[in-house]
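Colleague: I have a few quick questions about this model before we talk it through with the group. Could you take me through it?

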Amino acid sequence: MESVVAVPLDERRVTEPRGPDDDGERSLPALHPHRMEKRSFVAYRPPRANGSPALVEEFLEHAQFIAEDLDWLLALPHDKFWCQVVFDESLQRCLDSYLRHAPRGLDPAALPASPAVADMQKRLHRAVFMSFLRMATHKESKENFFTPTVFGEIIYNNFLFDIPKILDLCVLFGKGNSQLLHKMIENIFIQQPSYYSDLDEAVPTIMQVLNTILERCGLQQEGAAANEPLKLEARATATAMTMSQEDLVDLVLYLCDTCSTIYSFLDIFPAACATFQSHGFLSRLVSFYEMVVPDMEKAVRKRNFDDKSLQEDLWRRVSHSRRKMVEIVHLLLQHTCLQPILEGSESVCHAAAFYIGSLVLVLGTIGCKNGLQHVCRSSLMKASVLMVYSSENIQTFVEDFLQILTIFLQEKRFLADYDEQFPVADDISLLQQAFPLLDETRTSYLLQGVESAWETVGRTPPRLAPLNKAAPRDWTGGGQTQAEREPNPVEELQKGAVAPVDTPQREDNGLLCTLSTGEMESLLSHIKDLLPDLGEGFLLACLQEYGYNSEVVINNILEDRLTSALAEMDRSLPRPPKEELPPVLSSRSNVFDDDEFDVFHRDNVDTSRVWRGKKQAESVRATLDDKRHIEEQRGRYQAYDTVVDEVLVAAGAKIGGEAGAAYAADDYDDEYDDTYDVNQVGANDLDEDSDLLNRRPFTIPQVLRSGRQAQDKEESEEDEEEEENKDDGVKKDHFVQDPAVLRERAEARRAAMQSRRGYRPEPVSNVMGRPKGQGQTQDTVVERRRKEANKSRNANHSRRVMADRKRNKGMIPS
């Protein structure tokens, strides 16, 4: 019996009747638009959160149509299925609408209130996933298959898959279907390598998403590069604290969806990590984390929300985004650095063991005789070359890993959060085992940098907790600093108050719970991501029982090793209601209480006295026209208008002393005051001989003066007489005298004074002499000789003598 050779679907042809009006048959390719069934697929609409019964019924009816259409599609044979997929545009619109609008894990619609809505959503979820899974399969059986290259062209040219669709598939169907989804995406990239180039072009777009979030938060100027400093004169943009509440909600949702999608894609398809790392995505994400996370957490924690459930949801999304960004960094490090190191070292060991084992076998059985020496030599050479080559490759990956950790040292907050989830010391210890030549000085520097990061953020590294409940895990400072510990948004104080710091609380079993509310929410969110069906009250009891160690709780729940008390507890138990804090205004005490602007105790405040920014000043004209200050000063100056020339004193008035008698007289005697003021009355009361002070100053009698004193006296008197005569002459002369006459008089006075004092002026020297050719006098020759000899007295300082001395010693060529 001859075997039938299977023909791929892209080469197969089928025979079909022409139609109801035409007789006969026609031959068509297996993939042809005429073979497509005419069926209209409707677009997907998500269920409404807390919808009315009418809205629930509308969703169920609409979803029923989609589920029936997809079940019909999956039941079609291989050729009919692909004709419908390739040529039916309504089918692609239906599948695309589900990928865009299907609720994600943290969306409120992901937890429908009605069981019927939940069942219908699960049915749709499975039908859509199975449809995409069949679309990504190029070989269903030995008879039904595609040529691999043709299959890649079909899915690529008809846009059955693209990078955005693949990202949505990962975030929607990754939980619980990671293995199938990994094979599906891997087959797509293998059959059509063009998707790698599309991914390479999509990574810059993803990095632009991070820049957009920074711009919306006011942390980066619009259009500026990531490493470009901000301009001081740039226009101020809204920040997370100042933007509207609606914009803040959109920004948090945008951040959460972006981080979840990237993590899901890299977790399911690790081969894409190399493409992300080639664009520097790792360092960009770390710097983005350092800038955005504190700003977002502060905005969600300290802003006033009317709806506390909304604030709680935003806090949960920010915590989820923060955790996913740390896990993305770990995935990139794991698949681009650590895993190649471990696989390389393992392959080196296996290959070297194989060659050395072969050599030992040869030596043990036959020996190195009969020309087998070259076999032994070849095995040794192959083993050594392989070890050297692999060692160089491993060293390259080790260097990349250490370089990345060195970059992390700058981002203190991120490094502390990363070390809390994935201890850096464990990775370095693993590297030391795989690569013994690791530089210990460099690793010690990195570990010290990690400890410095914990100290900088004001936290202490968490210690590993033992499994017994008597010694709970030490979480003191493991989350955030004492000033940064975030309270639950539900426990926020009233509007305008500052949230208090979480204080440790003692649980029912007597253990001291030092976890902050934010850390507790993070632990619950981590467990509910893996076990979404469990109630928060049951999970809180498990955490309390096992020392708040989420890993131990998850392990014991999955292996069914809970204590008897927890095993008997209802696993859907909700969280107990929280006690409301007393209003802070009742215990608030401030120095500004009950003042005119105390809005906490006053309902009406004079808003006319409150303005924003700088108060608008009055115009200059209005200030000058205001004459109120003149009226205010008028009364003060009117007191000085009345001037009294005479003061009449009554005859019987007693003023006292001589002054009183003078005032009492009919006529005022001005001479009395002048005389009284000139004499120094009372200044010399202590001197007995006051009459001696009124005499002329003491002078030496002329008969007792010496000759020189008498001559000086006479000269001074003559000078005084000359000055007096000169003054008289000046008075009689014109107003302006001749300057030449004045200079002659001054020179004559100076010569007379010098002659009296015995001063002899230097003789006038004539060194110029007569013109050349007429001969010189003896005086001129003598003066010139004297000038030449006395040059050292001036600024020349014997220049000629010193020059002759240097020339004689041979220092200056002659």
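Modeller: Let me begin with a term we will need for the pairs within helices: a helix here is a DSSP run of H or I with at least four residues, and helices are numbered from the N terminus. Please also keep in mind that this is a predicted model.

Colleague: Fine. How many helices and strands are there in the protein chain?

Modeller: The protein chain has 28 helices and 4 strands. Of its 814 residues, 33% are buried, and its accessible surface comes to about 53,200 Å², with 53% of that belonging to carbon and sulfur atoms.

Colleague: And what share of the contacts with a separation of 6 or more is between residues 24 or more positions apart?

Modeller: That share is 67% in the protein chain. As one example of positions distant in sequence, Glu 57 and Val 117 are 60 residues apart along the chain, while their C-alpha atoms are 9.0 Å apart in space. Glu 57 itself lies in helix α1 and is exposed, with a relative accessible area of 55%.

Colleague: Switching to charges, how many salt bridges does a search of the whole structure find?

Modeller: The search finds 25 salt bridges. One of them joins Asp 313 to Arg 317, with the closest N and O atoms 3.1 Å apart. The two residues are 4 apart in helix α12, which covers residues 308-365, so about one helical turn separates them.

Colleague: Is that pair buried or exposed?

Modeller: Asp 313 and Arg 317 are both buried.

Colleague: What about Arg 786 and Glu 783, which helix are they in?

Modeller: Both lie in helix α27, residues 778-789, and they are 3 residues apart, about one turn of the helix. They form a salt bridge whose closest N and O atoms are 2.8 Å apart. Arg 786 has a relative accessible area of 40% and is partly exposed, whereas Glu 783, at 16%, falls under the 20% cut-off and therefore counts as buried. Elsewhere, salt bridges that share partners join Glu 297, Arg 322, Arg 413 and Asp 417 into one network.

Colleague: Which residue does Lys 80 form a salt bridge with?

Modeller: Its partner is Glu 37, and the closest N and O atoms of the two are 3.9 Å apart. Lys 80 sits in helix α2 (residues 78-87) and Glu 37 in the loop between β2 (25-29) and α1 (53-74), so this salt bridge ties together parts that are 43 residues apart in sequence. Glu 37 is partly exposed, at 37% relative accessibility.

Colleague: Now cysteines: how many disulfides does the structure hold?

Modeller: The structure holds 0 disulfides. As for individual cysteines, Cys 217 is buried with a relative accessible area of 1%, and Cys 337 is buried as well, with a value of 2%.

Colleague: Last topic. How many cavities of 30 Å³ or more are there?

Modeller: The count comes to 2 cavities of that size. The second largest encloses about 30 Å³ of space, and the residues lining this second largest cavity are Leu 255, Val 292, Val 293, Met 296, Val 318, Ser 321, Arg 322 and Met 325.

Colleague: And which elements give two or more residues to that lining?

Modeller: Those elements are α11 (281-302) and α12. Helix α12 provides the largest share of the lining of the second largest cavity, with 4 residues.

Definitions and conventions. Residues are numbered from 1 along each chain as its sequence is written. This is a predicted model: local features need pLDDT of at least 70, side-chain atom pairs count only at pLDDT 80 or more; totals for chains, interfaces and linings use all residues. Side-chain values use heavy atoms; hydrogens and water are left out. Buried means under 20% relative accessible area, exposed over 50%, partly exposed in between (1.4 Å probe, protein chains only). Contact means heavy atoms within 4.5 Å. Accessible areas come from the Shrake-Rupley method with a 1.4 Å probe; for residues, only the protein chains shown count as cover. A disulfide is a pair of cysteine sulfur atoms within 2.5 Å. A salt bridge is a side-chain nitrogen of Lys or Arg within 4 Å of a carboxyl oxygen of Asp or Glu. On a 1 Å grid over the protein atoms alone, a cavity is a set of points where a 1.4 Å probe fits but cannot get out, and a pocket is an open set with protein on both sides within 12 Å along at least five of seven lines; lining residues have an atom within 4 Å of a point. Grid points are joined across faces, edges and corners, and a volume is the space filled by probe spheres set on the points.
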